[in-house]
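User: Could you take me through one part of this in close-up, namely the strands and how they pair up? Once that is clear, I'd like to see how the helices sit against one another.

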Amino acid sequence: MNFSLFLAELWNARMSLINGLGNTVLISVVSVLLGSILGVFIGLVMTYGGWFTRFSVRLYIDFLRGTPVFVLILACFYILSVVGFDLSAFQAGVLALTLFCSSHVGEIVRGALIAIPKGQTEAAKSIGLTFGQTFIYVLLPQALRQILPTWVNTATEIVKASTLLSIIGVVELLLATQQVISRTYLSLEFYFFAGFVYFLLNFVIEQAGRAVERRISVP
Amino acid sequence: MSPILNISGLHKSFGQVEVLKGIDLTLQQGDVVSLIGSSGSGKTTLLRCVNLLEDFEQGEIELVGETIGYRESSGSQRRRLPEREIARQRAMTGMAFQQFNLFPHMTAVQNVMLGLIKTKRMAKDEARSVAEKWLERVGMEARRDHFPGQLSGGQQQRVAIARAIAMNPQIMLFDEVTSALDPELVAEVLAVVRDLANDGMTMLLVTHEMRFARDVSTKVVFMHQGRIHEEGTSEEMFGAPKTERLQGFLANSQI
Ligand SMILES: Nc1ncnc2c1ncn2[C@@H]1O[C@H](COP(=O)(O)OP(=O)(O)OP(=O)(O)O)[C@@H](O)[C@H]1O
Ligand SMILES: [Mg+2]
């Protein structure tokens with residue numbers, strides 16, 4: 001291992017690596033954000049919907065959770081273009097991760113909602129809140145506190161899963177790294193470096209999650 | 001003047017089981033009516049119907065002359081009112097629950113303010129001053145910024161009562177507000193209820209505290225198996241119960 005050579009190549013490759021990192025962050029943030037919004041909606045429907053919507057959404061969740069993310073990504077990229085949705089690799093990848101995220105968030109939101117005692121809804125109703133108001137001001141804040149640790153975990157899973165987008169040619173951090181390696185042949189060094197960056201990303205996410213948890217925790 | 005609450009011919013079933021079998025009850029302004037009766041006789045269900053937390057199949061509930069929950073449509077069909085309308089009518093009655101049901105993620109004062117802001121559409125400042133006034137009334141002003149988890153059961157219940165009554169309801173419903181409390185905390189909550197009763201608040205309360213029921217009630221109603229079995233003033237009911245069932249019930253409860 002030649003450390004100073006590695007540092008020199010790292011410096012040379014800095015722009016493409018930063019670019020890749022930027023894409024990884026962008027992919028993760030967008031997927032987690034959209035997936036979470038969709039997931040809250042799914043959790044809501046799963047908890048309060050009629051039997052038919054519940055059944056359909058259940059199928060959706062089980063299908064997505066039972067499918068490897070890798071397959072989802074390939075499906076979004078190749079199958080959708082066959083049926084006429086021409087998504088770029090980036091869009092298809094984000095779509096796949098969003099769906100994946102939504103199924104996980106949907107499940108944990110549902111779990112958190114049904115764990116809230118019925119008395120909470122009744123107390124909210126009895127002071128005249130509508131269902132929408134009850135959900136937004138009473139149920140959701142309690143559910144979100146409850147799911148935060150699991151949700152942070154899902155976010156780190158998404159960051160890791162974003163590496164799979166390299167397969168369909170999205171130049172995120174892993175593919176950017178591989179491109180550098182194919183030029184420099186410093187595979188051990190650069191893979192190690194990439195692994196370290198992923199670790200750092202997730203470490204930051206987890207710490208941020210803990211900080212938020214402490215901030216919003218109620219006695 | 002129309003009565004505050006007028007229940008007529010109320011029937012309510014859970015599946016095949018009929019739990020309320022024709023209840024008629026009227027409360028005038030300032031009446032304090034205690035519901036007593038053995039477990040399962042339908043007291044809670046009756047309160048929940050008045051608060052529109054339960055659907056009911058037959059009969060009518062009027063609040064200050066307004067029929068709540070349902071509307072007669074063509075013929076003898078009745079229709080449940082839309083959600084928004086039901087929400088408005090619910091706010092006309094205040095309910096205090098056995099388990100307090102405070103919102104755990106909000107401080108005492110935020111608990112009281114929520115309905116004022118969202119239902120009554122008060123500005124924040126106004127809601128805060130109303131909430132603080134009621135917290136003071138129930139002796140909780142010093143703890144207004146505490147979360148429910150930092151309060152004793154009795155304190156939580158007093159905040160819950162403030163939350164309900166701050167909405168300025170036509171009638172307060174109390175469902176065994178002291179039965180989840182440790183014995184030494186019962187008195188502080190009963191004192192709050194008594195204070196409101198003395199102030200002329202119309203209330204319908206379910207209680208197992210017979211001595212308290214005797215002291216505060218203008219009328220006592222004994223329920224048995226989904227029916228009103230006997231009713232009368234405190235003196236009549238506790239002094240000279242007519243039916244054997246009430247006699248038996250009172251003999252088994254400590255006064
Ligand atoms: N959600 C429900 N589903 C089915 N049955 C119910 C439900 N709620 C109450 N019941 C039944 O209705 C009957 C009346 O219950 P209710 O809670 O009104 O009695 P109660 O007089 O308040 O009793 P307690 O003194 O124990 O509180 C009981 O037989 C009870 O089992
Ligand atoms: Mg009861």
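Analyst: Here is a walk through the sheets first, then the helix packing. Keep in mind that this is a predicted model.

Strands are a matter for chain B, which has nine helices and twelve strands; chain A comes to nine helices and zero strands. So let's start in chain B with the sheet of four strands. It is an open sheet, ordered 2-1-4-5, and the pairing is antiparallel. Strand 2 (17–27) and strand 5 (66–67) of chain B stand at the edges with a single partner strand each, so one side of each has no neighbour in the sheet.

In that sheet, strand 1 (residues 5–14) of chain B runs antiparallel to strand 4 (residues 58–63) of chain B, and five bridges join the two. You can pick out the register from a couple of residues: Leu5(B) stands opposite Leu63(B), and Asn6(B) stands opposite Glu62(B). As a rule, side chains in a regular strand alternate between the two faces of the sheet.

Now follow strand 4 of chain B onward. Strand 4 and strand 5 of chain B pair in the antiparallel sense over two bridges. Leu63(B) turns up again here, with Glu66(B) in strand 5 of chain B as its bridge partner. That gives Leu63(B) a place opposite Leu5(B) as well as a bridge to Glu66(B). The link between strand 4 and strand 5 of chain B is a hairpin with two residues between the strands, and Val64(B) in the turn has a positive phi of about 45°.

What lies across this sheet? Helix 1 (residues 43–50) of chain B lies across strand 1, strand 2 and strand 4 of chain B, and runs at about 115° to strand 1 of chain B.

The other sheet to look at in chain B has six strands. It is open too, in the order 8-9-10-3-11-12, but here the pairing is mixed. Strand 8 (93–96) and strand 12 (227–232) of chain B are its edge strands, each pairing on one side only. On average, neighbouring strands in this sheet are turned by 20° against each other, direction ignored. Within it, strand 3 (residues 32–37) of chain B and strand 10 (residues 203–206) of chain B pair in the parallel sense over four bridges, with Val32(B) standing opposite Met203(B).

As for overall dimensions, the C-alpha atoms of chain B fill a box of roughly 50 × 50 × 35 Å along the principal axes. The radius of gyration of chain B is 18 Å, which agrees with the value near 18 Å for a compact globule of 255 residues.

Over to chain A and the helices. Read along the sequence, the pattern of chain A is α-α-α-α-α-α-α-α-α, and its C-alpha atoms fill a box of roughly 70 × 50 × 25 Å along the principal axes.

Take helix 1 (residues 3–12) and helix 9 (residues 187–216) of chain A, which pack at about 60° with their axes 10 Å apart. That makes helix 1 of chain A oblique to helix 9 of chain A, and their crossing is right-handed. Here Phe6(A), Glu9(A) and Leu10(A) meet Glu189(A), Phe190(A) and Phe193(A). By class, this contact has four nonpolar, no polar and two charged residues.

Next come helix 2 (residues 14–48) and helix 3 (residues 51–66) of chain A, packed at about 135° with their axes 9 Å apart. Helix 2 and helix 3 of chain A are therefore oblique to each other, and this crossing is left-handed. From helix 2 of chain A, Leu38(A), Ile42(A), Val45(A) and Met46(A) reach residues of helix 3 of chain A that include Val57(A), Tyr60(A) and Ile61(A). The contact divides into seven nonpolar, one polar and two charged residues.

Last, helix 5 (residues 89–115) and helix 7 (residues 131–161) of chain A pack at about 140°, with their axes 8 Å apart. Helix 5 and helix 7 of chain A are again oblique to each other, and helix 5 passes helix 7 of chain A in a right-handed crossing. Among the residues that meet are Phe100(A), His104(A) and Ile108(A) in helix 5 of chain A, and Leu139(A), Gln146(A) and Trp151(A) in helix 7 of chain A. This contact has 15 nonpolar, four polar and no charged residues.

Key. Residues are numbered from 1 along each chain as its sequence is written. Chains are lettered from A and ligands numbered from 1 in the order in which they are written. This is a predicted model: local features need pLDDT of at least 70, side-chain atom pairs count only at pLDDT 80 or more; totals for chains, interfaces and linings use all residues. Side-chain values use heavy atoms; hydrogens and water are left out. Two strands pair if DSSP finds at least two bridges between them. Contact means heavy atoms within 4.5 Å. Axes are lines fitted to C-alpha atoms, for helices over the stretch in contact, and angles run from 0 to 180 degrees between N-to-C directions. Angles under 35 degrees count as roughly parallel, over 145 as roughly antiparallel, 65 to 115 as roughly perpendicular and the rest as oblique. A crossing is left-handed if the near helix is turned anticlockwise from the far one by less than a right angle, and right-handed if clockwise. Ala, Val, Leu, Ile, Met, Phe, Trp, Tyr, Cys and Pro count as nonpolar, Asp, Glu, Lys and Arg as charged, and the others, Gly among them, as polar. The radius of gyration is taken over C-alpha atoms; the globule rule is 2.2 Å times the number of residues to the power 0.38.
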